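Work through the exercises below with the sequence and the model open. Try each task before reading its solution.

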Amino acid sequence: MKSNASLVYNLFLVIGDFLSLVLAFVGAYVLRVTFGLTFGATSVAHPVEAATYLRIFLLVTPFWIIIFGLLGLYNSTIYTKRFSEAGRLFIGSFIGLLFVTSYAYASNQIIFPGKLVPVYGFILAYLFLLLFRNIARFIRTRLFHYDIGITNILLIGNTVVAAELIESLQPSQQTGYRIVGVVGSQHNVPRNAHLKVFHSFKEACQAIGTEDIHSIVQTELYTTPEKNDEILGFAQKNHISFRFIPGNTELFVGNISVELFRSSIPVIAVHQTPLLGWGRIVKRLFDLTLGSLMLIVVSPIMVLVALLVKLTSIGPVFFRQERLTRFNNRFRVFKFRTQYRKFGKGTPEDDFELIGKPELAKKFRENGNYLADDPRITPVGRFLRRTSLDELPQLFNVIKGDISLVGPRALIPQDLDVYAKRHTILSVKSGLTGLAQVSGRNNISFDERRQLDMYYVQNWSFWQDIVILLKTIRVVLQGS
């Protein structure tokens, strides 16, 4: 049978969101009218019968659900993005409340018996929606363990991407996807995958059966158009979802737009980053505003840290080093000094050579530019690095415009020069924090961090910046 898991889950979300909204505003009515929870006068300004109040909300809530739909809260891409879902729920709840208020004004009808009712309703609605969505996500994941809601995928292609997909889609109990077959060669299939490999698409369809294929993912184009047409035609005829992953995946990431060239020829325009035009302006204004506020708030802490650094080791309070930012521009980064004075003037290799332990340089690089017991770091410096307090002076770089609050890690030229795709990373400003820092920090390799930087550059959004800042607060507080 064809998989209707997404449709059923969407329907479950719609019903759950509807009930959460109704329950929230019923709860708001009870808190204000029945229990008299208020911070001022005890009597309600506009007595509204409970039946009338409930009838009105049953009438307007479906439109609220439509608002959620327009915000993408019922798209499959939102299922695993908790922060994005939470943000859209907040925006949707606020817009929905505005809709209800507009409805009351347009119909000249009193809906809320008191001013606090919509406030209580908004708070309860957001909390109930978050709670329900997390419960729904938990139930969906648990059902995967019972083979319910699994999407069967037929994978086609002999590319590196095909092998990566096999790795990323396992186990099916966690991802919700099961690869039922691979059309290609055995060498691209990991030995522990235990997947059926077929030499042709026709052979795979006959062996698996049309009803047991829910989705087809093709990772390469065949040289003969007939083979490609056969696969796409089969998917369309049997109403099977079809996805194509180009061999040159980097060509189709980032900001993509379809345009008509010379008014008649469709072309695909690919930019290094979607951070263009208004996005750069908004991001700069955000950096200036939030960066200035943060600098004011943390300035007492910075004074204490500066005294601590000065009194515990010989040398300057601040560490300055040349780093790279957007368009290969170089700038001097400001940080609290965490190393002994004689270090940090060259590369880590130079430092370890200076103390007579050149073998540590290799270990440092292999460990993602990190050593647990780095001999160059002062005792106070270890504390500052663990708590990220050494990064605070970079707020001056943010306000100055050298870097942004969020962006790829600002690296020294020697480190980034060896990276082949550095020009893509340097198409945006470097950041005080970034996707790599909140995704593992020192627990991931240099190459993995640069891949995360690439992803950030090619998929930038203002909302993603907000999410990274929130995650930064969490990892700093956790010390992870």
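**Exercise 1.** Leaving aside neighbours within four places in sequence, which residues is F68 in contact with?

Solution. The model is predicted. Step one: take contact to mean heavy atoms within 4.5 Å. Step two: set aside the neighbours of F68 within four places in sequence, which leaves D17, L21, L73, Y74, L89, G92, S93 and L129.

**Exercise 2.** Find which residues have the most contacts inside the largest nonpolar core, and which helix gives the most to this core.

Solution. Step one: the largest nonpolar core has 35 residues, and F25, Y53, F57, W64, F68 and F112 have the most contacts inside it. Step two: at least two residues of this core come from each of α1, α2 (50-70), α3 and α4. Step three: α4 gives the most, with nine residues. Step four: another core, of 31 residues, lies apart from this one, and L469 is among its residues.

**Exercise 3.** Describe α17 by its span, its buried residues and what covers them.

Solution. Step one: the 17 residues of α17 reach 25 Å from first C-alpha to last, close to the expected 24 Å. Step two: Q464, D465, V467, I468, L469, T472 and V475 are its buried residues. Step three: the elements covering these buried residues include α3, α9 (278-312) and α16 (446-458).

**Exercise 4.** How many residues line the second largest pocket, and which lie nearest its centre?

Solution. Step one: 48 residues line this pocket, with S76, T77, I78, Y79 and T80 nearest its centre. Step two: the space in the second largest pocket is about 1500 Å³. Step three: by class, its lining has 19 nonpolar, 21 polar and eight charged residues. Step four: α4 supplies the largest share of this lining, seven residues.

Terms used: Residues numbered from 1 in each chain as written. Predicted model: local features only at pLDDT ≥ 70, side-chain atom pairs only at ≥ 80, totals over all residues. Heavy atoms only, no water. 1 Å grid on protein atoms, 1.4 Å probe; cavity = no way out; pocket = protein on both sides within 12 Å on 5 of 7 lines; lining within 4 Å. Points joined across faces, edges and corners; volume = space filled by probe spheres on them. Helix = DSSP H or I, 4+ residues; strand = E, 2+ residues; numbered from the N terminus. Nonpolar A, V, L, I, M, F, W, Y, C, P; charged D, E, K, R; others polar. Expected span 1.5 Å × (residues − 1). Buried < 20%, exposed > 50% of the residue type's maximum accessible area, 1.4 Å probe, protein only. Core = buried A, V, L, I, M, F, W, Y, C linked by side-chain atoms within 4.5 Å.
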